[in-house]
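Work through the exercises below with the structure open. Each task is followed by a solution in steps.

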2 protein chains.
Amino acid sequence: VKARLARPVGQSPLYEQLARDIAEMIRNGVFRSGDRLPSVRALKASRGVSAPTAIEAFRWLEDHGLVEARSRSGYFVMTPRPDLFAPRLVQTTGRPAAVETLKANTPILCVSSRPDLLPFGAAVPSAELFPLARLRQLTSSIVRRHPEALGTYTFSPGLRDLRFEIARRAVAWGYSPDPDDIVITNGCVEAVGLALRAVTKPGDIVAIESPGYYGFIHLLEMLHLKALEIPSNALGGLSLPHLREAISRHDIRACLISTTVTNPSGATMTLDAKQELVALLADSDIPLIEDATFADLHFRLEMRAAKSLDQHAGVMLCASLTKTVAPGLRLGWIDAGRWTQEVSAYKRVASIGQPELPQRVLAAYLAGGGMERHLRALRRRLAAQVDQHLSTIAQCLGDKVRVVRPTGGFLLWLELPAHLDGVALQAQAADLGIGLAPGRMFSVSGGFRNYLRVNCGQVWSSRIETAYLQLSRMIME
Amino acid sequence: VKARLARPVGQSPLYEQLARDIAEMIRNGVFRSGDRLPSVRALKASRGVSAPTAIEAFRWLEDHGLVEARSRSGYFVMTPRPDLFAPRLVQTTGRPAAVETLKANTPILCVSSRPDLLPFGAAVPSAELFPLARLRQLTSSIVRRHPEALGTYTFSPGLRDLRFEIARRAVAWGYSPDPDDIVITNGCVEAVGLALRAVTKPGDIVAIESPGYYGFIHLLEMLHLKALEIPSNALGGLSLPHLREAISRHDIRACLISTTVTNPSGATMTLDAKQELVALLADSDIPLIEDATFADLHFRLEMRAAKSLDQHAGVMLCASLTKTVAPGLRLGWIDAGRWTQEVSAYKRVASIGQPELPQRVLAAYLAGGGMERHLRALRRRLAAQVDQHLSTIAQCLGDKVRVVRPTGGFLLWLELPAHLDGVALQAQAADLGIGLAPGRMFSVSGGFRNYLRVNCGQVWSSRIETAYLQLSRMIME
């Protein structure tokens, strides 16, 4: 380690430089998976850095999924997780189609989120993963200090303090929005709906990823838009060649995708692919609606929003704090680029604004400064839960399923043997007290019959273990 | 009074029977405006009723706007308020038209709700009129007892406890919905948007009242619907002959109106007119979307929702608690009749659901039982504020304006001399620190140029008095 001390200091802070050096050594095999890294004391001696700098470097490595802390024994290089086999890329029809899935999906959705069932399908984490004690404290203090928060209107674009805090945090995603460009919404879904409204009219074609989040598919239906499904790979996300081809053939008016930790398949596009995507869409003058719902829960080295690569204000970034701070606050936001005024006006038309109290609570939470530490712990916890699911799946279902470790979040996308039907499995599982999310919901055309989305957001329990045994019996039959 | 004692007891409670007797004597001129009513003690003696019954009867009379309490001196028959002259009924084009007002209205709206201006136009009451202390207490207690409320999702149709409390209260409007038919929304505006979505598709014609709330006009535009304006009278509300004629000529797919305390003109249809409206629309198989935003703030004898007269589940009642309990909670609801399933699904598609904490707070507030007393006090307070505005207008502007006392709420609809333009007045007034709402926003076709909507929701102050002097100078010039 000592040899590198002489390297000139670049623009990045000392701890990051140290961390990147160690990361390179991990990649070069100097440190191998499971190895213990040098201690803080050893780094102090060998690199002449202070203890806080060394600790900060370890945190950076942990944030980037390269090392893990083990209590009282230091930092260890992460062991590669049981990546089984990736679900196959599924070809789509390549034709735009009116969406008519809500009627068929509503009963399926109702079962998947039935409160009496184990939430194996619905994307809901355990409440205890969120900083509830802190939020409770902030809530009580805010109603005491700002009782008028209950008695006044907060019109769209929303509470200035919250927009400021959100803009400040966006730095983590590689860009620095103006707080005045941010509109507060009722979660990310509403943000996407507003974005679609701003750039399309009924009958327009919107490119979406396949498989893709059913909530967005339902939005297209509600807004009378046509969907054009572009295949997306569980390993690298949206297929750019397919998108390029689709653009050459169809008059696409918006492209709605997640570039980081997709739902359901947990994929993240590489930085190069994000760059190519943004350039391709800018060339064709197609707005990109970027869903960043799970982006703060990435386990990987890089997290840059496509928005951060946008030079023409043509990307509309839609994000949420429901998956990271508190589902119960229902707060999301959008930076709508050159459509900010329209989006803000539409939010006001649709519902005036969000309630003020949750906005004040969230603003105070973000201002308080515990967010990054909380996120670090949350990612670590979710990654561990995901891995526990993956190893249980490997044990119970072996080569019957294809699945990869997601790049973040808490969802798994399972390809089952071709003869199985997720909707039939859902009905069987409900009788056993288990709620499943069948793959069919994640496409416009009824594809992915033999797929399931699995929620790893619940804290591991023997009930989950039993559920896997029950499911494997159903699947093996 | 004694003579009536022998009358057989009907189905209504004793206090109501007593109250109705007194109401009849007021109408017959036995008691005249300004007269002091017999005291509780006198009624005890003459009618043989208990003191609580007599007090309850006075409250009923007060609720119905017939008497007022004066501190330490008893109950007095209300003095007729300075009803000046009613704004004229304005003929509409009678033709359905695509709506394109949002772009022009957005800057006007921004001025009218600028936080640094006196809110003379925006429909916002003073925060102190709401039960903030109680809500604050409930909020603290709920986050203590239900910290999970911040950490969990509450999907559409919303918190069961709240839907139950709302259903229980609907009795005051003459009907008893099933809690399962109620969907919780982000205020009444969102409820109306969902209702429109459930029964129309882009390009459909919707009948609305003229003048009508700009928020609904903007909704039509956002949903790509055509508006057909039906004239509405400041004294009796929607003109039924005009509606009947419109139905015979056009393929109307929904009728969106307020039957009780319209915005902006404060009119309420008679019970007979409501009955006729419901029958007319049922005959033509046109869904009625009934806006009841201000209905709980009526000053009059009768408040029955048109929904209560609906025998075919063809009325969609949209209501809100933002004007009565807390603007900051942003909670409204809809009973969508036979479209309940669609509306609930669309709410979920649009934004999953409302945040749980405000729902719990409101449910606890309603369950606590102070609502009717609060409403009584609020109506009395608002009526007094409205009257103070009306008498100031009479003093400052005399016969320059036409205005009537609204049947409830806190809005006045002012017709100014024909040469004046509300938008120009708005710009002038903003320079003086006053925010106005120009009449033009309340129509699709740019009518009502020389009208203003005035907000009487703010507690009376010398600033308001000065504002009237400033406005009268502008108008008289």
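**Exercise 1. Charge and polarity across the interface**

Task: In this predicted model, determine how many salt bridges the rule finds across the interface of chain B and chain A.

Solution.
- Step 1. Apply the cut-off: a side-chain nitrogen of Lys or Arg must lie within 4 Å of a carboxyl oxygen of Asp or Glu.
- Step 2. Across the interface of chain B and chain A, zero salt bridges meet the rule.
- Step 3. Turn to polar contacts: 18 residue pairs, both at pLDDT 80 or more, are in polar contact between chain B and chain A.
- Step 4. Sort the residues on the side of chain B that touches chain A: 31 are nonpolar, 14 polar and 11 charged.

**Exercise 2. Extent of the interface**

Task: State how many residues of each chain are in contact and what area is buried between chain B and chain A.

Solution.
- Step 1. Count the contacts: 56 residues of chain A are in contact with 56 residues of chain B.
- Step 2. Take the area: about 4700 Å² is buried between the two chains, and carbon and sulfur atoms give 68% of this.
- Step 3. Find the main contributors in chain B: Leu150(B), Tyr153(B) and Met222(B) lose the most area to chain A, together 16% of what that side buries.

**Exercise 3. Relation between the two copies**

Task: Find which rotation superposes chain B on chain A, and explain why the copies meet through the same surface.

Solution.
- Step 1. Superpose the chains: a rotation of 180° with 0.0 Å of shift along its axis places chain B on chain A, with an RMSD of 0.1 Å.
- Step 2. The two copies are therefore related as by a two-fold rotation axis.
- Step 3. Locate the axis in chain B: the C-alpha of Ser140(B) is nearest to it, at 2.5 Å.
- Step 4. Compare the interface residues: 100% of those of chain B are also interface residues in chain A, so the copies meet through the same surface.

**Exercise 4. The fold and size of one chain**

Task: Decide what radius of gyration a compact globule of 477 residues would have, and set chain A against it.

Solution.
- Step 1. List the secondary structure of chain A: 15 helices and 16 strands.
- Step 2. A compact globule of 477 residues would have a radius of gyration near 23 Å; chain A has 23 Å, which agrees.
- Step 3. Add the extents: the C-alpha trace of chain A spans about 65 × 60 × 50 Å along its principal axes.

**Exercise 5. A salt bridge within chain A**

Task: Identify where in chain A the partners Glu415(A) and Arg402(A) lie.

Solution.
- Step 1. Over all chains, the structure holds 48 salt bridges.
- Step 2. One of them joins the side chains of Glu415(A) and Arg402(A), at 3.9 Å from N to O.
- Step 3. Glu415(A) is in strand E13 (residues 411-415), while Arg402(A) is in the loop between helix H13 (371-397) and E13, 13 residues apart.

**Exercise 6. Backbone exceptions**

Task: Describe the peptide bond between Ser210(A) and Pro211(A), and the phi of Val261(A).

Solution.
- Step 1. Recall the background: most residues other than glycine have a negative phi, and most peptide bonds are trans.
- Step 2. Ser210(A) and Pro211(A) are joined by a cis peptide bond, with omega about 5°. Pro211(A) sits in the loop between strand E6 (205-210) and helix H8 (214-222) of chain A.
- Step 3. Val261(A) has a positive phi, near 55°, and lies in the loop between strand E9 (252-257) and helix H10 (271-283) of chain A.

Methods: Residues numbered from 1 in each chain as written. Chains lettered and ligands numbered in written order. Predicted model: local features only at pLDDT ≥ 70, side-chain atom pairs only at ≥ 80, totals over all residues. Heavy atoms only, no water. Contact = heavy atoms within 4.5 Å. Buried area = accessible area lost by both parts, 1.4 Å probe. Polar contact = N/O pair within 3.5 Å; in protein donor to acceptor, adjacent residues only side chain to side chain. Nonpolar A, V, L, I, M, F, W, Y, C, P; charged D, E, K, R; others polar. Least-squares fit on C-alpha atoms with pLDDT ≥ 70 in both. Helix = DSSP H or I, 4+ residues; strand = E, 2+ residues; numbered from the N terminus. Rg over C-alpha atoms; globule rule 2.2 N^0.38 Å.
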